[in-house]
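Biologist: Please take me through the packing of this model, beginning at its core and working outwards. Short sentences will do.

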Amino acid sequence: MRILELKLRGAIGIQKGLGLEEVSLDFRNFEPGLVALTGRNGSGKTTIMENLHPFRTMVSKDGSLATHFYLKDSYRILTFEYDGSEYRSTILIDALTGKSEAYLHQNGQPLNDGKVTTYDEKITA
């Protein structure tokens with residue numbers, strides 16, 4: 001898997017660390033190899049790392065994904081390459097109600113209907 005881009009809106013760690021509602025990281029122009037995230041403690045590095053995968057969980061933090069976002073219109077959009085295809089994982093999060101929609105596209109074509117159950121089925125297949 002090669003990460004191409006990450007967009008976060010409403011991530012608590014980014015808001016607390018950088019004071020930003022949104023952040024976007026484009027990894028397409030990086031040379032192959034090691035990429036380092038640096039910054040002071042509490043600046044959002046872990047939040048970035050925790051969202052560099054398509055699953056609807058945080059690896060080292062408890063609770064649903066919605067508990068780590070604070071806006072009604074929060075989202076995580078991850079674009080990545082895997083096995084010769086480009087995928088876009090879009091998770092729309094309503095942090096006020098805890099409800100989510102999740103979409104997975106392969107080479108621009110939808111693989112699910114936006115329901116988290118069908119998303120989880122596709123992402124784990």
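Biologist: Which of the 23 residues in the largest nonpolar core touch the most other members?

Modeller: They are Leu6, Leu8, Ile48, Leu52 and Phe69. A nonpolar core is a set of buried Ala, Val, Leu, Ile, Met, Phe, Trp, Tyr and Cys residues joined through side-chain atoms within 4.5 Å. At least two residues of this core come from each of β1 (2-9), β3 (74-82), β4 (85-94), β5 (99-106) and α3 (116-124). Helices (H or I, at least four residues) and strands (E, at least two) are DSSP runs, numbered from the N terminus.

One caution first: the model is predicted, so local features need pLDDT of at least 70 and side-chain atom pairs 80 or more, while totals for chains, interfaces and linings use all residues. Residues are numbered from 1 along each chain as its sequence is written, and side-chain values use heavy atoms, without hydrogens or water.

Start with Ile48. It sits in helix α2, which spans 45-50. Its relative accessibility is 6%, so Ile48 counts as buried (under 20%; exposed is over 50%, partly exposed in between, with a 1.4 Å probe on protein chains only). Its contacts (heavy atoms within 4.5 Å) beyond four places in sequence are Leu6, Leu8, Ile14, Val23, Leu25 and Leu37. Two of these, Leu6 and Leu8, are also among the best-connected core members. Ser60 lies 12 residues from Ile48 in sequence and 12 Å away in space, C-alpha to C-alpha.

Now Leu52. Beyond four places in sequence, Leu52 is in contact with Met1, Ile3, Leu6, Phe27 and Leu78. Leu6 therefore appears in the contact list of Ile48 and in that of Leu52, given the same contact rule.

Two of the Leu52 partners, Ile3 and Phe27, lead to the largest pocket. Ile3, Phe27, Phe30, Gly33 and Val35 lie nearest its centre, among 13 lining residues. A pocket is an open set of 1 Å grid points where a 1.4 Å probe fits, with protein on both sides within 12 Å along at least five of seven lines; lining residues have an atom within 4 Å of a point. The volume, the space filled by probe spheres set on the points, is about 310 Å³. The lining has 10 nonpolar, one polar and two charged residues.

Another Leu52 partner, Met1, lines the second largest pocket. That pocket holds about 250 Å³. Its lining also includes Pro54, Phe55, Phe80, Tyr82 and Tyr87. β3 and α3 each supply at least two lining residues. α3 gives the largest share, three residues. By class, this lining has 10 nonpolar, one polar and one charged residues.

Next, the loop before α2. Ser43 lies there, between β2 (22-26) and α2. Ser43 is buried, at 11% relative accessible area. A polar atom of its side chain lies 2.8 Å from the backbone oxygen of Arg40. Beyond four places in sequence, Ser43 touches Gly17 and Leu18.

Finish with two loop residues. Asp83 lies between β3 and β4. Asp83 is exposed, with 72% relative accessible area. Its phi is positive, near 50 degrees. Asn107 lies between β5 and β6 (109-110). Asn107 also has a positive phi, about 50 degrees, although it is not a glycine. Most residues other than glycine have a negative phi.

Terms used. Ala, Val, Leu, Ile, Met, Phe, Trp, Tyr, Cys and Pro count as nonpolar, Asp, Glu, Lys and Arg as charged, and the others, Gly among them, as polar. A polar contact is a pair of N or O atoms within 3.5 Å; within protein, one must be able to donate a hydrogen and the other to accept it, and residues adjacent in sequence count only if both atoms are side-chain atoms.
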